[in-house]
Amino acid sequence: MDVRTREAVRYLGYGGHAADEQTLALLEDSFGELEETAKRRIIYRIFDVVPGEAGSLAIGKMDIVSRNLSKNLKDCREAVLLGATLGIGVDRLLKRYSLTDMSKTVVLQAAAAALLEEYLDQWQRGVGAELEGEGRFLRPRFSPGYGDFDIRHQGMILRMLNADKSIGLTMTDSFMLTPVKSVTAVIGISRKKETCPLAGCETCDKKDCIYRRNT
């Protein structure tokens, strides 16, 4: 089982249990349809980070109060702001199946989430390799809505990236991204190399890490 299939199985809630053959077949079909439909796009910029008091910080012109994000960006004086999407075609595909086959819709949702993570991981490896040549090292992605990093900051990130015009990524009044299979994130840039996994704190056993997201 490849990485993205394992991720999709995790999103489906199987935990440590093996997925049945029918589910795996649906996932394979879903990934095939998504590969034909998805239009992967990403926009990013690097901004200065200015730490403040009591869990506050500024990234560019965005002022944030978040102890979790401040901890994650400890020792970082720069950060990447990014927006990424699989495109509106995936939304249309999900809507079409939601009218006829809810089981397939659930599996397709999980496959799309895994595909988006795979895309971001590949992108981050590439950018990370370039920055490492300059002695700059990336931290794991940290998105609005994690811990105490308010989801409302998604709007400012989108504006700072001009994401609506550059990749067609917008946000509803209830702070949901459109297209649905999209993400915004912050990635710290440090002069200190850490061993954090791309997938972030959920896959790491180091419970006492000072950068840990949800402790």
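Student: Is Arg4 buried or exposed?

Tutor: Arg4 is buried, its relative accessible area being 17%; the classes are buried under 20% relative accessible area, exposed over 50%, and partly exposed in between, with a 1.4 Å probe and protein chains only. The model is predicted, so local features need pLDDT of at least 70, side-chain atom pairs count only at pLDDT 80 or more, and totals for chains, interfaces and linings use all residues. Residues are numbered from 1 along each chain as its sequence is written, and side-chain values use heavy atoms, with hydrogens and water left out.

Student: Which residue forms a salt bridge with Arg4?

Tutor: A salt bridge is a side-chain nitrogen of Lys or Arg within 4 Å of a carboxyl oxygen of Asp or Glu, and a search of the whole structure finds twelve of these. The partner of Arg4 is Glu35, with the closest N and O atoms 2.7 Å apart. This pair links distant parts of the chain, since Glu35 belongs to helix α2 (residues 21–37) and Arg4 to helix α1 (residues 3–11), 31 residues apart; helices (H or I, at least four residues) and strands (E, at least two) are DSSP runs, numbered from the N terminus. Glu35 is partly exposed, at a relative accessible area of 34%.

Student: Which residue forms a salt bridge with Lys192?

Tutor: Lys192 pairs with Asp75, where the closest N and O atoms are 3.4 Å apart. Asp75 sits in the loop between α3 (67–72) and β4 (76–85), and Lys192 in the segment after β8 (182–190), so this salt bridge ties together parts that are 117 residues apart in sequence. Both ends are partly exposed, with 31% relative accessibility for Asp75 and a relative accessible area of 43% for Lys192.

For Lys193, the salt bridge is to Glu132, at 3.6 Å between the closest N and O atoms. Here Lys193 lies in the segment after β8 and Glu132 in helix α5 (residues 102–132), so parts 61 residues apart in sequence are tied together. Lys193 counts as exposed at 57% relative accessibility, whereas Glu132 is partly exposed at 40%.

Student: Which residues do salt bridges that share partners join into one network?

Tutor: The network consists of Arg4, Glu35, Arg40 and Glu118.

Student: How should I read the nonpolar interior, and which residues of the largest nonpolar core touch the most other members?

Tutor: In soluble globular proteins, nonpolar side chains tend to be buried together. A nonpolar core is here a set of buried Ala, Val, Leu, Ile, Met, Phe, Trp, Tyr and Cys residues joined through side-chain atoms within 4.5 Å. The largest such core has 33 residues, of which Leu34 and Leu82 touch the most other members. At least two of its residues come from each of α1, α2, β4, α4 (88–98), α5 and β8, and the largest share, 13 residues, is supplied by α5. Apart from this core lies another, of 23 residues, which includes Phe47, Ala79, Phe149 and Leu158.

Student: How do the side chains alternate along strand β3?

Tutor: In a regular strand the side chains alternate between the two faces of the sheet. In β3 (residues 62–65), Met62 and Ile64 point to one face and are buried, while Asp63 and Val65 point to the other and are not. Strand β2 (residues 56–59) runs antiparallel to β3 and is joined to β3 by four bridges, the pairing rule being at least two DSSP bridges between two strands. Val65 in β3 stands opposite Ser56. The two strands form a hairpin with two residues between them, and Gly60 in the turn has a positive phi of about 60°.

Student: How many aromatic pairs does a search of the whole structure find?

Tutor: A pair of aromatic rings is described by the distance of the centres and the angle of the planes. Rings of Phe, Tyr and Trp (its six-membered ring) pair if their centres lie within 6.5 Å, and planes under 30 degrees apart count as stacked, over 60 as edge-to-face and the rest as tilted. The search finds three aromatic pairs. Tyr44 and Trp123 are edge-to-face, at 5.0 Å centre to centre and 70° between the planes, and they link distant parts of the chain, Tyr44 in strand β1 (residues 41–51) and Trp123 in helix α5, 79 residues apart. Tyr44 is partly exposed at 34%, and Trp123 is buried at 12%. The pair of Phe142 and Phe149 is tilted, at 5.9 Å centre to centre with 50° between the planes. Phe142 is buried at 0% relative accessibility, as is Phe149 at 1%.
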